[in-house]
Amino acid sequence: PRAKKREVRLALLVLIQHNIVWHSEDEIDGEVYEINWEEPVARLRFGRYIMIVRDKLGDTAAEVLSFVLDNGKLKEEIFFKVNYPKLNTCIRNEIIVEAALHRYNSQTAEVLRAALKVTEDKQQNLLDYRSEPVGSHDISSKLSSTSVLHNGIRTGKKSYSPTVKEYLAILCNDDNHTPAGLASAFMAPVTGGGGSGRVTVEFDRIGRRLKQRVYESNVRERFGDDAVKVIRILLDKGKMDEKHLSKVALIAPNVLRPLLTRLSAASLVSLQEVPKSADRNPSRTYYLWYVDLAKAYSNLLSALYQTLANIVARTVEEESQVRPSLDKRDRTDLNGQEHLLNRHDLAVLNVWEEKQERLHILAMRVEENVFILRDMLGDPEPER
């Protein structure tokens, strides 16, 4: 049924209140509206935003934030709006620490967490390529205890206690000064005057690796380990024809060809035609495979948006199937006392809550990949 004009205006007011829709006056068209596409995706982070504020500022601050998020802009004499860019720096820092934990150990991750805390107040958005320089003394002051450093570095000494500087050396990849070693480091030493042992957290460099990890994880999940091997070779060697790629990857041509076709159909690898002659005869043309990361990331991001939409639709559908039991639970005369429900309703609600939790966790994982690909630095150079 067609919506009434009053209902449309009320809906637009709510959307404007929550910054999901923008409006302005146009000389030709009059009042016009535009969707703020980033806002709906940001709403998937609201729970994480509240947890961050609770951890840093306490329960009262979390309740205030929750109220503002629920009500949008507060129309008093002063407008209050949640500072998403600042909260996004906290999410980025958590992801970076988690990456260090995955690669090294908890002790090294804690040193990196402390380094990020030193410059936390100066991190206002995600546009900084690196953090402000920090020294080992400042980092030590942010550690909960020096005991967190114990047993993080293995040596032959029984009573060995590593220092913050030794962990910084690991995070800077001090033992590997090759281009690959520097590209895989979490930190970099400050060079030039005034460096004196200070380091920076390399946000752009880390973001570049995390984006590629999301890309490779998606390729592995959809196409298998051979596909990941192929894209790593192409990223390392550059453009290659199918015959050469088959030899380097040690994959039979009859296996490689359909794999490349599937990867190409998903826009995860690209093909360039290089004609030998002006007539562009296919028999006299080189066909070179390569990875256009910018294109691959863009298509992968679109696929992740679609996955999020599917999760939301699945959640709505699952909830509609248990609506009668949910309505009984929410009755005012029960006052939240679920034990007064019959066995059938209790069983239905238990199953629904488990499904809801799994769908929520899945949505958070997908949204984190969206955050890495869309919001963090580390974008590749466009393929030329």
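What follows is a look at how some of the helices pack in this predicted model, and at the empty space left in it.

Two numbers do most of the work here: a pair of packed helices is described by the angle between the axes and by the distance between them. Take α14 (residues 293-321) and α16 (residues 343-375) to begin with. Their axes sit 10 Å apart, at an angle of about 160°. The two helices therefore run roughly antiparallel to each other, and the way α14 passes α16 is a left-handed crossing. On the α14 side, the residues that make the contact are Tyr297, Leu300, Leu301, Leu304, Tyr305, Thr307, Leu308, Ile311, Arg314, Thr315, Glu318 and Glu319. They meet a set on α16 that includes Trp352, Lys355, Leu359, Leu362, Ala363, Val366 and Glu367, with Asn369, Val370, Leu373 and Arg374 also among them. Sorted by class, this contact has 14 nonpolar residues, three polar ones and six charged ones.

Next up is the pairing of α10 (203-223) with α11 (residues 225-237). Here the axes are 7 Å apart and the angle is about 145°. From α10, the contact uses Gln212, Tyr215, Glu216, Val219, Arg220 and Phe223, while α11 brings in Asp225, Ala227, Val228, Ile231, Arg232 and Leu235. The class split is seven nonpolar, one polar and four charged.

The pairing of α3 (residues 46-57) with α5 (84-103) has another geometry to look at. These axes come within 10 Å and cross at roughly 85°, so α3 and α5 are roughly perpendicular to each other. Phe46, Arg48, Tyr49, Ile52, Val53 and Lys56 of α3 touch Tyr84, Leu87, Asn88, Cys90, Ile91, Glu94 and Ile95 of α5. Of the residues in this contact, nine are nonpolar, one is polar and three are charged.

Now for the empty space. Rolling a probe the size of a water molecule over the atoms shows where such space is left. The largest pocket holds about 680 Å³. It is lined by 22 residues, and those closest to its centre are Val214, Ser217, Arg365, Val366 and Asn369. Val366 and Asn369 also turn up in the contact between α14 and α16. Four helices, α5, α10, α14 and α16, each supply at least two residues of the pocket lining, with the largest share, seven residues, coming from α10. By class, the lining has nine nonpolar, four polar and nine charged residues.

As for closed-off space, the structure has two cavities of 30 Å³ or more. The volume of the largest one is about 120 Å³. Its lining is made of 14 residues, and Glu39, Val68, Gly72, Lys81 and Tyr84 lie nearest its centre. Tyr84 is also one of the α5 residues that meet α3. Six residues of this lining are nonpolar, four are polar and four are charged. The second largest cavity comes to about 30 Å³, and its lining consists of Arg92, Leu126, Phe203, Met376 and Leu377. That lining divides into four nonpolar residues, no polar ones and one charged residue.

Methods
Residues are numbered from 1 along each chain as its sequence is written. This is a predicted model: local features need pLDDT of at least 70, side-chain atom pairs count only at pLDDT 80 or more; totals for chains, interfaces and linings use all residues. Side-chain values use heavy atoms; hydrogens and water are left out. Axes are lines fitted to C-alpha atoms, for helices over the stretch in contact, and angles run from 0 to 180 degrees between N-to-C directions. Angles under 35 degrees count as roughly parallel, over 145 as roughly antiparallel, 65 to 115 as roughly perpendicular and the rest as oblique. A crossing is left-handed if the near helix is turned anticlockwise from the far one by less than a right angle, and right-handed if clockwise. Contact means heavy atoms within 4.5 Å. Ala, Val, Leu, Ile, Met, Phe, Trp, Tyr, Cys and Pro count as nonpolar, Asp, Glu, Lys and Arg as charged, and the others, Gly among them, as polar. On a 1 Å grid over the protein atoms alone, a cavity is a set of points where a 1.4 Å probe fits but cannot get out, and a pocket is an open set with protein on both sides within 12 Å along at least five of seven lines; lining residues have an atom within 4 Å of a point. Grid points are joined across faces, edges and corners, and a volume is the space filled by probe spheres set on the points.
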